Amino acid sequence: MGLDRAGAPRPLGLDADGHERLTFLHGDVPATLTPQLRTPALLTSAAIPLRKLHDASATFRPRPDDAWWPPVREPAEAICHGDAAPYNYVVRNGEAVGLIDFDAARPGPRVRDVAYAVHRFAPLHGPDNPESFGTPREQGRPAAAFCRAYGPGVGAEVVDVVPERLRALIAFMRDRAAHGDEAFQRHLAEGHADAYEADIRHVRAHRAALRAAFEE
């Protein structure tokens, strides 16, 4: 597998204007999962850098005065990426070779980070979502494959975490929009929260079929 050694850009310090400088990971960053990317190779390779991040940060202990955006989520088992979706992976030759964009990183439970990744990669979208494809059972299989590639510690319970993770995301979006964040105001106006609400209903309605795929 062609995973870059670090699995993420390496920091090079700050420039004269205070902007962070990073190494460049060569490859493509997909906006969505196109039919060509709906492969076991991409699915399993995407789980690996997420596991590496969690394992590498498992001994980190946040201090009470540390500033995180969003805030720490207990239990703080590891540093979570916070937005592990196709648009934050560098892909080369059909495999994920790196994870980028750590703006939403924070200490939290591993399973919530995996839940969002599974929601995006399986994907666990309702039928009205333009990025949705497959029956609930067909969506459950890649969800299970992602968790198997991630390794021990996360299993079928991730299906039940997805709605909670999306509900928290909706609340965060609305809070930031209420505080004047134009990006989140735009996301709400474009219907992102409504799409997440529909995905929550879909996952809850088909919980049994999604979880059954983990036993196959």
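Student: How do the residues lining the largest pocket divide into nonpolar, polar and charged?
Tutor: This is a predicted model: local features need pLDDT of at least 70, side-chain atom pairs count only at pLDDT 80 or more, and totals for chains, interfaces and linings use all residues. Residues are numbered from 1 along each chain as its sequence is written, and side-chain values use heavy atoms, leaving out hydrogens and water. For the classes, Ala, Val, Leu, Ile, Met, Phe, Trp, Tyr, Cys and Pro count as nonpolar, Asp, Glu, Lys and Arg as charged, and the others, Gly among them, as polar. On that basis the lining divides into 17 nonpolar, eight polar and 11 charged.

Student: And what volume does that largest pocket have?
Tutor: A pocket here is an open set of points on a 1 Å grid over the protein atoms alone, where a 1.4 Å probe fits, with protein on both sides within 12 Å along at least five of seven lines; lining residues have an atom within 4 Å of a point. Grid points are joined across faces, edges and corners, and the volume is the space filled by probe spheres set on them. For the largest pocket that comes to about 910 Å³.

Student: Which of its lining residues lie nearest the centre of the largest pocket?
Tutor: There are 36 lining residues in the largest pocket. The elements giving two or more of them are β6 (106-108), α2 (110-121), α4 (158-178), α5 (182-189) and α6 (192-205), where helices (H or I, at least four residues) and strands (E, at least two) are DSSP runs numbered from the N terminus. Nearest the centre you'll find Asp-83, Tyr-87, Tyr-116, Leu-169 and Tyr-196.

Student: On to the second largest pocket: which element gives the most to its lining?
Tutor: This one has a volume of about 570 Å³ and is lined by 22 residues, with Ala-8, Pro-9, Leu-99, Ile-100 and Phe-102 nearest its centre. The class split is 15 nonpolar, three polar and four charged. Both β2 (20-22) and α1 (40-56) supply at least two residues. The most, four residues, come from α1.

Student: How are α2 and α4 oriented: roughly parallel or roughly perpendicular?
Tutor: Their axes, lines fitted to C-alpha atoms over the stretch in contact, come within 8 Å and cross at roughly 90°. Angles run from 0 to 180 degrees between N-to-C directions; under 35 degrees is roughly parallel, over 145 roughly antiparallel, 65 to 115 roughly perpendicular, and the rest oblique. That crossing angle therefore makes α2 and α4 roughly perpendicular.

Student: Which residues of α2 make the contact with α4?
Tutor: Contact means heavy atoms within 4.5 Å. By class, the contact has 10 nonpolar, one polar and three charged residues. The α4 side offers Val-158, Val-161, Val-162, Glu-164, Arg-165, Leu-166, Ala-168 and Leu-169, and the α2 side offers Val-111, Arg-112, Val-114, Ala-115, Tyr-116 and His-119.

Student: Is Val-118 buried or exposed?
Tutor: Val-118 lies in helix α2, and beyond four places in sequence it touches Pro-123, Leu-124, Ala-143, Phe-146 and Cys-147. The cut-offs are under 20% relative accessible area for buried, over 50% for exposed and partly exposed in between (1.4 Å probe, protein chains only). At a relative accessible area of 1%, Val-118 is buried.

Student: What about Arg-110, buried or exposed?
Tutor: Arg-110 is in helix α2 too. Leaving aside neighbours within four places in sequence, Arg-110 contacts Arg-51, His-54, Asp-55, Ala-58, Glu-77, Ala-78, Cys-80 and Tyr-150. Its relative accessibility is 16%, so Arg-110 counts as buried.

Student: What is the phi of Asn-93 near?
Tutor: Most residues other than glycine have a negative phi. Asn-93 sits in the loop between β4 (89-92) and β5 (95-99) and counts as exposed because its relative accessibility is 79%. Its phi is positive, near 55°.

Student: Which residue does a cis peptide bond join to Trp-69?
Tutor: Most peptide bonds are trans. Here, a cis bond with omega of about 0° joins Glu-74 and Pro-75, with Pro-75 in the loop between α1 and β3 (78-80). For Trp-69, omega is again about 0°, and the cis partner is Pro-70.
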